[in-house]
Amino acid sequence: MTTLRFIGWRLLAGAGVLWGAATLTFLVVHFTPGDPAEAVVGGEGAAPTPEVLAQVRAEYGLDLPWYQQYAAHLWRIVRGDFGTSYRLHTPVTQAIGEQAAATVELALAGAATGLTLAVAVALATARRRRWLRGLASAAELVAASTPTFWLGIVLLTVFSFGLRLFPATGGQGPASLVLPALCLALPIAGVLGHVLRESLEEVLDEPFIVSARARGLGDAAVRVRHALRHAMTPLVTMTGYWVGALLGGAVVTETLFTRQGIGRLLVSAVNAKDLPVVLGVVLLSALVYVVVNLVVDLLYLAIDPRLKEAA
Amino acid sequence: MKRAGVYAAAAVLAVLVLAALAPELFTAQDPLAVDSGGTLRPPSAGHPLGTDENGRDVLARIVHGTRTSLLLGFGAVAVALVFGGLLGLAAGLGNRLVEGVVMRLSDVGMAFPELLLALVVITVAGGGTSNAVLAIGVAGIPNYARLVRAQTLAIRRSGYVEAAHALGLSAPRVILRHVLPNAVKPVLVLATVGVGTALVAGSALSFLGLGTPPPEPEWGSMLSTARNFISRAWWYGVFPGAAITLTVISVTVVGRALRLRSEGRAW
Amino acid sequence: MSLVKVDDLRVAFGATPVVRGVSFEIGAGECLALVGESGSGKSVTARTLVGLTGEGAQVSAAGLAFDGQDLTRLRERGWRRLRGARIGFVLQDALVSLDPLRKVGKEIEEVLTAHTALSGSERKARVTELLAAAGVPEPGLRAGQLPHELSGGLRQRALIATALAADPELVIADEPTTALDVTIQAQVLDLLAGIKAQGRSLLVISHDLAVVARLADRVAVMKDGVIVEQGPTGRVLGQPAHHYTRRLLRAIPAEHTKGTRLSETGPRPVPAAPRRAAGDVVVRAEGVGKSFGGRPAVQDVSFTLRAAETLGIVGESGSGKTTTARIALGLTAADTGTVEVHGRPWTRKDRALRRDVQIVYQDPLAAFDPRYTVAKVLAEALAVAGVPRGRRRERAVELLELVGLGAEHLARRPLRLSGGQRQRVAIARALAPEPSVIVCDEPVSALDVSVQAQVLDLLEDVQRETGVAYLFISHDLGVVHHLCDRVLVMKDGRVVEEGPVGTVFREPAHPYTKELVAAVPRLAAA
């Protein structure tokens with residue numbers, strides 16, 4: 001019952017966030033300087049006649065009072081209509097849909113690689129010898145501080161043009177996914193590894209860990225069976241970081257490796273001032289954030305049942 | 001963290017600030033001087049870090065780019081800190097209505113990845129260095145608002161604030177004497193680490209061609225061009241990025257050390 | 001033959017020696033108690049016996065043997081065969097010593113998996129048996145619960161069950177009852193006595209001589225990494241040979257210490273005229289009630305507090321003591337009833353009244369702004385009290401001297417003071433506005449017994465000199481008996497008994513008070 005109520009509250013909160021996001025996109029459209037009708041017809045250079053503009057305004061409801069436009073805006077979004085791209089002249093949902101698979105593939109590969117690296121390094125080095133911890137700490141710092149785009153350039157310089165191990169551009173089978181995924185994963189691994197190791201070292205000092213050791217448990221069993229589960233919780237709560245790092249990283253990575261994907265779609269849309277596409281991607285990211293957050297909250301309850309009462 | 005590492009990082013930061021203020025001290029070359037005869041030359045005595053596709057000295061461009069890059073990092077954090085800080089204080093000190101409004105707004109803000117939010121600002125306002133600072137700064141506001149609110153609330157609930165109330169200090173006086181001074185330091189410390197993140201985000205915008213426009217030297221936009229010459233000129237792609245990474249590492253190390261110290265822990 | 005033999009054990013962390021040459025033996029079926037204050041090295045000694053001294057520890061010993069086996073040469077694998085299997089270890093506070101995310105049954109089963117060849121179903125059955133043997137009712141149900149779903153007493157029993165799971169010959173219990181309420185503490189001590197009766201050896205680590213008195217055959221008193229005295233319990237507690245043991249014993253507040261000094265500081269001369277006449281009513285609470293989220297925390301509490309009097313409030317955790325104190329302080333508004341100070345009701349705005357009631361907390365460090373020096377802490381309190389700027393420093397020094405500190409402490413930050421010094425500064429701050437009442441919320445609970453003795457003596461001195469009244473909250477009946485004139489006994493938010501402290505504790509009328517008084521561990525029982 002409490003869990004159900006908790007989920008209910010979370011859904012409501014998520015809906016609130018999406019409503020806010022939709023409102024924000026409306027405000028952006030409304031307050032952007034320039035005539036949206038001109039943008040629809042094809043930018044300033046198109047020089048459309050006043051009649052054409054008036055027709056477009058009527059068609060898009062741009063001549064209505066703001067609250068009617070707002071209501072229409074919300075209603076369109078609820079129905080899954082994010083408008084039409086100024087540049088591509090196709091529905092935004094279609095434009096995004098065509099690119100989604102490639103980005104999801106990249107994001108999942110990057111997240112899985114990053115998480116695996118972080119967990120492995122943290123488990124292996126937390127509360128070990130000084131030099132080992134120092135080494136891991138330095139590696140994490142460098143990885144977390146390296147911008148994705150430069151990491152990509154270095155990876156390309158070494159592995160594509162130097163050693164000729166992997167292709168330099170995307171979309172050519174699994175081998176072409178290796179460098180982009182690594183490029184996305186390393187900074188994530190740096191940040192997560194740092195958080196995880198600190199949290200693991202804190203947990204390993206807890207009395208229940210000493211108790212477990214005093215029962216005759218080996219070090220590996222103590223780390224995996226007792227400590228890891230506790231140490232994972234901060235990672236799970238970093239939803240905002242995860243979504244941001246993967247989507248933001250995808251924008252850069254796709255551009256750098258000239259891969260298909262939502263990120264590249266977004267960059268070309270920003271360059272072309274194609275507002276509907278930009279806002280569509282932003283709304284989508286908010287939706288992803290809300291959904292992931294909900295999943296994370298449930299996951300969190302599963303990891304730490306004590307929270308059930310608190311919720 | 002080792003003491004020596006912290007001092008080294010602080011020294012790097014000092015050099016960077018100096019380079020931002022007086023780049024001529026570090027290079028005699030003009031970062032904009034084109035030399036069509038000496039394009040994409042590898043590092044040599046005359047050009048320690050090589051030249052770019054227009055024959056410009058890469059070292060001079062990196063040195064002269066310091067000012068813009070630091071401005072991106074520090075400027076964006078300043079924007080986020082000022083607006084986020086005010087909102088967070090209002091939420092932490094105000095009544096439930098104010099707190100509710102600020103927190104729900106920041107909930108919405110948190111749902112957007114910072115880079116995407118920055119891209120929306122750029123789409124609306126256009127590119128350029130100052131817009132990039134603004135874009136990254138605006139994107140960081142929700143985060144700082146939360147941070148400041150949490151900090152303020154934690155202090156309001158602390159033993160010493162209760163003790164001050166019990167002593168008979170008036171509420172405004174408690175806020176002025178105890179809550180604000182104790183909230184400022186940890187937030188500033190966390191903001192230090194945030195400078196690195198903002199710098200990376202700002203140069204990412206330039207890399208995407210949406211931040212500082214050429215020919216003005218900036219590390220992110222240098223890399224944007226350099227990626228077309230990776231196969232021919234490794235130095236062009238490696239050094240500007242190394243400058244970013246080194247800056248971010250130094251800022252992070254100093255920021256972490258400050259944090260540990262403010263928490264009363266050893267470095 | 002001795003089961004455990006420790007000869008000249010030395011442990012250092014870096015350059016800091018923590019244990020400096022400790023020797024003792026534990027015979028089969030015998031109970032040895034290691035007693036000492038914080039920093040005496042007693043816990044480190046205990047952990048060394050299972051090879052868990054801690055990171056960066058340098059351990060050396062002329063001899064360290066368990067059942068004839070030389071422990072100094074043991075590698076990790078060898079230690080693991082001992083831990084849990086032949087030596088059970090019970091850490092203090094089961095809330096943090098059991099993995100909060102694992103069912104208690106799993107924690108016990110873990111020991112069986114590591115050290116026995118039992119099958120899965122046999123292990124399950126054994127877990128239930130072990131919980132039942134540790135006095136846990138409905139063991140089958142409890143095995144499937146998480147630690148936080150169990151009460152403090154059951155949790156401690158479950159933790160003890162993990163230590164007993166593989167039938168060890170030696171059980172080490174590090175502060176096994178410290179975090180528990182007094183009635184539950186008594187039950188856990190009975191359980192430990194039962195373990196000894198089974199013929200196992202027991203090593204009990206404690207800061208509390210009274211706890212140890214009813215359990216141990218022999219006592220070893222530790223101070224600064226050295227055992228200053230060891231011998232049969234009756235002899236050590238009855239005729240202590242070492243002056244530190246004597247000091248420690250005398251520092252324990254109880255019925256018979258009333259009116260005597262606990263620490264070695266001499267009493268200060270009483271000033272000619274106390275500031276306030278004894279007998280005036282300073283605080284009167286009438287029918288006070290307070291609920292949080294619909295759950296009553298305090299119901300129908302009434303009391304009066306007179307000048308130069310100390311009123312104790314005792315009760316176990318959750319009894320409403322602290323809420324009562326906060327209402328008396330005017331920090332929490334009561335839902336029902338009234339609180340009057342000097343005949344005037346509490347109102348939020350009445351700051352003159354606020355100054356008249358001050359507080360001393362359990363954790364003094366949290367009660368000081370971390371940026372402030374002692375001088376600033378006191379100056380702030382004096383400013384509120386209306387002392388002109390030019391006189392503040394002089395007054396601050398006077399206050400510090402009143403609490404046994406001096407001008408040399410003005411420039412220090414509370415973080416750099418010892419626990420006892422911090423509590424003295426807290427008392428000085430509370431005295432700054434010259435209040436007629438100080439609410440003391442567990443002011444000595446976090447302190448070692450010898451420091452506690454000094455603070456309790458100080459509180460008495462201050463009262464004699466200033467005529468201030470104390471509302472003294474504590475879970476420790478000995479402390480209350482020693483210090484207080486009258487006492488309220490609280491349970492579940494209500495006052496169940498009230499009266500002069502001697503009468504209430506000697507002839508308790510309410511069944512709960514009887515239970516409470518009976519549960520208090522006493523040195524006399526030794």
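In the predicted model, the C-alpha centres of domain 1 and domain 2 of chain C are separated by 24 Å. Domain 1 of chain C comprises 1-86 + 168-227, domain 2 spans 98-162 and domain 3 covers 281-519, with bounds taken from an automatic or database domain assignment. Contact between domain 1 and domain 2 of chain C involves 13 residues of the former and 9 residues of the latter (heavy atoms within 4.5 Å).

About 750 Å² is buried between domain 1 and domain 2 of chain C, with 70% of it on carbon and sulfur atoms; buried area is the accessible area (1.4 Å probe) that two parts lose on being put together, summed over both. On the side of domain 1 of chain C, the greatest losses of area to domain 2 fall on C:Leu180, C:Val188 and C:Leu191, which together account for 46% of what that side buries.

Between these two domains of chain C, 0 salt bridges are counted (a side-chain nitrogen of Lys or Arg within 4 Å of a carboxyl oxygen of Asp or Glu). Polar contact is found for 2 residue pairs across the interface, both at pLDDT 80 or more; the criterion is a pair of N or O atoms within 3.5 Å, where, within protein, one must be able to donate a hydrogen and the other to accept it, and residues adjacent in sequence count only if both atoms are side-chain atoms.

Residues are numbered from 1 along each chain as its sequence is written, and chains are lettered from A in the order in which they are written. Local features need pLDDT of at least 70, side-chain atom pairs count only at pLDDT 80 or more, and totals for chains, interfaces and linings use all residues, while side-chain values use heavy atoms, without hydrogens and water.
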